[in-house]
Amino acid sequence: MIEARHLRVLRAVATTGSFSAAGRELGCTQPAVSQQMKALEASVGTPLLVRSGRETRLTQAGEALVRHAVGILSGLTAAEEEVAAIAGLRAGRVRLVSFPSGSSTLVPTALAALRAAHPGTRVSLEEAEPPRSVELLREGDCDIALAFRYERATGDAAMAGPGEGEWDDLVVRPLLTDRLVALVPERHRLARVGSVAIDDLAAEPWIAGCPRCRGQLVQVCERAGFTPRIDFATDDYPAVVGLVGAGLGVAVLPELAIESVRPRGARAVALEPAVRREIVALTLPDLAQVPAVTATLEQLGRAARR
């Protein structure tokens, strides 16, 4: 029989590339990792790892087992959490991954309400932009991922990410639609207008955000007939606002990002036509049945409606 603890060790070895690194990650010794790998290979009746000097790599059978391990371990986590809730333990653990503007706006309100309603539920938070946050979810390293995707180029209400159907294997909980706005220095010629078209800013130097937002900016500008001259690029929204406020360029930011930053020296102006992104919470189908995950999703939905 294949034991879950052996699968966790195999996954750690595959992720880290060595027994010693896997041991450090799991909090055990290298000999213990080696012993558990031998036991797993004996259980399946075929080698799973090839050791050559300091290098450790997976065999074809090892690669197949690691692929299945993610789903198996996620299912076990779901089972453990649900059984604990049924048994009345009133405890739970949720690993949440969020992009920064979600972390500073939606997440605090949701987690404060969750703690008040379910004080025994523990939530950990890690920051990652999509698609990395979605990868962490699929790899079994988180239970909920806050993510976003932009509207189609046609501007209709349907949303699209890097590819159609990219989230078909996940449970998708829509939270809100976030409109992008232009951010200009407060002494800029367009700082007092009601709205601007993206091509009104074609000649300006630009400050760009995260890689996915940066790609969206370039696409929007190119559809308007120009390529933006990006002088600065940073994943840090306060830094974007600070650079704009210092008069070093213009930017396009989601309204959600501006909510959490005091835009000193900068002014937000509506973009026409509108560019929007959909904010969602994602989880795996098995995890969607876990009470602590369900409660967290519900509080994220409430926070988005406020």
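**Exercise 1. Decide whether Glu298 is buried, partly exposed or exposed, and find which residues share a salt-bridge network with Glu298.**

Solution. Glu298 has a relative accessibility of 26%, and because the buried class ends at 20% while the exposed class starts over 50%, Glu298 counts as partly exposed. The structure used throughout these exercises is a predicted model. In this model the side chain of Glu298 meets that of Arg305 in a salt bridge, with 3.9 Å from N to O, and Arg305, at 57% relative accessibility, counts as exposed. Following the shared partners further, one arrives at a single network that joins Arg173, Glu298, Arg302 and Arg305.

**Exercise 2. Find how far apart the C-alpha atoms of Ala110 and Glu298 are, and state whether Ala110 is buried or exposed.**

Solution. Begin with the location of Ala110, which is found in helix H5, residues 100-117. Its relative accessible area is 1%, so Ala110 is buried. Although Ala110 and Glu298 stand 188 residues apart along the chain, their C-alpha atoms are separated by 8.5 Å.

**Exercise 3. Explain which parts of the chain the salt bridge between Arg11 and Asp141 ties together.**

Solution. The contact itself comes first: the side chains of Arg11 and Asp141 meet at 2.7 Å, N to O, in a salt bridge. Next, place each partner: Arg11 lies in helix H1 (residues 4-16), whereas Asp141 lies in the loop between helix H6 (132-138) and strand S5 (144-150), so the pair ties together parts that are 130 residues apart in sequence. As for accessibility, Arg11 is buried, with a relative accessible area of 19%, while Asp141 counts as partly exposed at 35%. By the 4 Å rule for such contacts, the count for the model comes to 17 salt bridges.

**Exercise 4. Describe the largest pocket: how much space lies in it, and which residues lie nearest its centre?**

Solution. The space in the largest pocket is about 500 Å³. Its lining is made up of 19 residues, and those that lie nearest the centre are Arg11, Leu73, Glu139, Gly140 and Asp141, a list that includes both partners of the salt bridge in Exercise 3. Turning to the secondary structure, H1, helix H2 (19-26), helix H4 (60-86) and strand S3 (92-98) each supply at least two residues of this lining. By residue type, the lining divides into seven nonpolar, four polar and eight charged residues.

**Exercise 5. Check the length of helix H3 against expectation, and work out where its buried residues lie around the axis.**

Solution. At 1.5 Å a residue, the 15 residues of H3 should span 21 Å, and since its end C-alpha atoms are 21 Å apart, the model agrees with the expectation. The buried residues of H3 are Val33, Ser34, Gln36, Met37, Leu40 and Glu41. These cover an arc of only 165° around the axis, which puts them on the same side of H3. An α-helix has 3.6 residues a turn, so residues three or four places apart point the same way. On the other side of H3, Pro31, Gln35, Lys38 and Ala42 are exposed. After H3 comes Gly45, with a positive phi near 75°.

**Exercise 6. Find which residue meets Glu41 in a salt bridge, and compare the accessibility classes of the two partners.**

Solution. The side chain of Glu41 meets that of Arg51 in a salt bridge of 3.9 Å, N to O. Glu41 belongs to helix H3 (residues 30-44) and Arg51 to strand S1 (residues 49-52), ten residues apart. Glu41 is buried, with a relative accessible area of 15%, whereas Arg51 is partly exposed, with 43%.

Conventions:
Residues are numbered from 1 along each chain as its sequence is written. This is a predicted model: local features need pLDDT of at least 70, side-chain atom pairs count only at pLDDT 80 or more; totals for chains, interfaces and linings use all residues. Side-chain values use heavy atoms; hydrogens and water are left out. Helices (H or I, at least four residues) and strands (E, at least two) are DSSP runs, numbered from the N terminus. Buried means under 20% relative accessible area, exposed over 50%, partly exposed in between (1.4 Å probe, protein chains only). The expected span of a helix is 1.5 Å times one less than its number of residues. The arc is that of the directions from the helix axis to the C-beta atoms. On a 1 Å grid over the protein atoms alone, a cavity is a set of points where a 1.4 Å probe fits but cannot get out, and a pocket is an open set with protein on both sides within 12 Å along at least five of seven lines; lining residues have an atom within 4 Å of a point. Grid points are joined across faces, edges and corners, and a volume is the space filled by probe spheres set on the points. Ala, Val, Leu, Ile, Met, Phe, Trp, Tyr, Cys and Pro count as nonpolar, Asp, Glu, Lys and Arg as charged, and the others, Gly among them, as polar.
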